[in-house]
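The following report concerns helix geometry, helix packing and a strand pairing in one protein chain.

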Amino acid sequence: MGMFFNGMEISMNKSTGVFVCALLTSSLMSSACTPQTSAERHARQYVYAADDGFDPNVRVIKADSIKMAVPFFKTFHDLGAKDRSLGMSVEDANKRADNFRSESFLNSIQSETIFAGTRYVDNKSWSAKQRKAMSDAISEAYIDGYEGRM
C-alpha cells in the first residue's frame, strides 16, 4: 500500500505510520506549551481571580478579556524594567510595588467595559476580591520587570 504525492509513490509500513503519528502528536502537544510573558501570566491570573461568578445576563469571553488586559500589565512590567535600568534600589522597588496595592492608586485606575462594540467608562466600585486580584497582578508584574523576568 502506498501514498501518492505529486506523482511519486511513497510506501508506508505500519511502523513508519506509528512513528509519523507519534511525531505529529508530540509536535502538536509541544506547540500548546508556548511560554507566556509576565504580562500574559498576570493578565490571565487577574481575569480568572477577579471573576465574580455566574451572571445569566452576561457571558464573559475570558480569552478576549485576557488579550485586552495584557497591554495594561505590560506597562507595569516595562516600568519595573525601566526603574532597574535607572538604578533604583531593591528597597525602593518594593516600596513602589507596595504603593500599587494602596487604595489611592487603585482608585486612580479608570476602568472601561466594551459591550457590543462600544466602550463604556465603568464607574462601579470593585469588589474586595477584584481589588486584591488587581493589586497583586500589578505589583507582581512590576517586580517581574524589575527582576528581569519575562
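The bend at a residue is taken here as the angle between two fitted axes, one for the seven residues ending there and one for the seven starting there. In this predicted model, such a kink, of about 35°, lies at Val 70 in helix α3, shortly before the proline Pro 71. Helix α3 comprises 24 residues, 62-85, and spans 34 Å from its first C-alpha to its last, which is close to the 34 Å expected at 1.5 Å a residue. After α3 comes Gly 87, with a positive phi near 90°.

The buried residues of α3 include Ile 66, Ala 69, Val 70, Phe 73 and Phe 76, as well as His 77, Gly 80 and Asp 83. The buried residues of this helix pack against the four helices listed below.

| Helix packed against buried residues of α3 | Residues |
|---|---|
| α2 | 38-49 |
| α4 | 90-99 |
| α5 | 103-108 |
| α6 | 128-147 |

Helices α2 and α6 also pack against each other, at an angle of about 170° and with their axes 9 Å apart. Since angles over 145 degrees count as roughly antiparallel, α2 and α6 are therefore roughly antiparallel to each other. Among the α2 residues in this contact are Arg 41, His 42 and Tyr 46, while those contributed by α6 include Lys 129, Met 134 and Glu 140.

Strands β3 (residues 111-115) and β4 (residues 118-122) pair in the antiparallel sense over five bridges, with Ile 114 standing opposite Arg 119 in β4. The two strands β3 and β4 form a hairpin with two residues between them, and Ala 116 in the turn has a positive phi of about 55°.

Terms used: Residues numbered from 1 in each chain as written. Predicted model: local features only at pLDDT ≥ 70, side-chain atom pairs only at ≥ 80, totals over all residues. Heavy atoms only, no water. Pairing = 2+ DSSP bridges. Expected span 1.5 Å × (residues − 1). Buried < 20%, exposed > 50% of the residue type's maximum accessible area, 1.4 Å probe, protein only. Contact = heavy atoms within 4.5 Å. Axes fitted to C-alpha atoms, helices over the stretch in contact; angles between N-to-C directions. Parallel < 35°, antiparallel > 145°, perpendicular 65-115°, else oblique.
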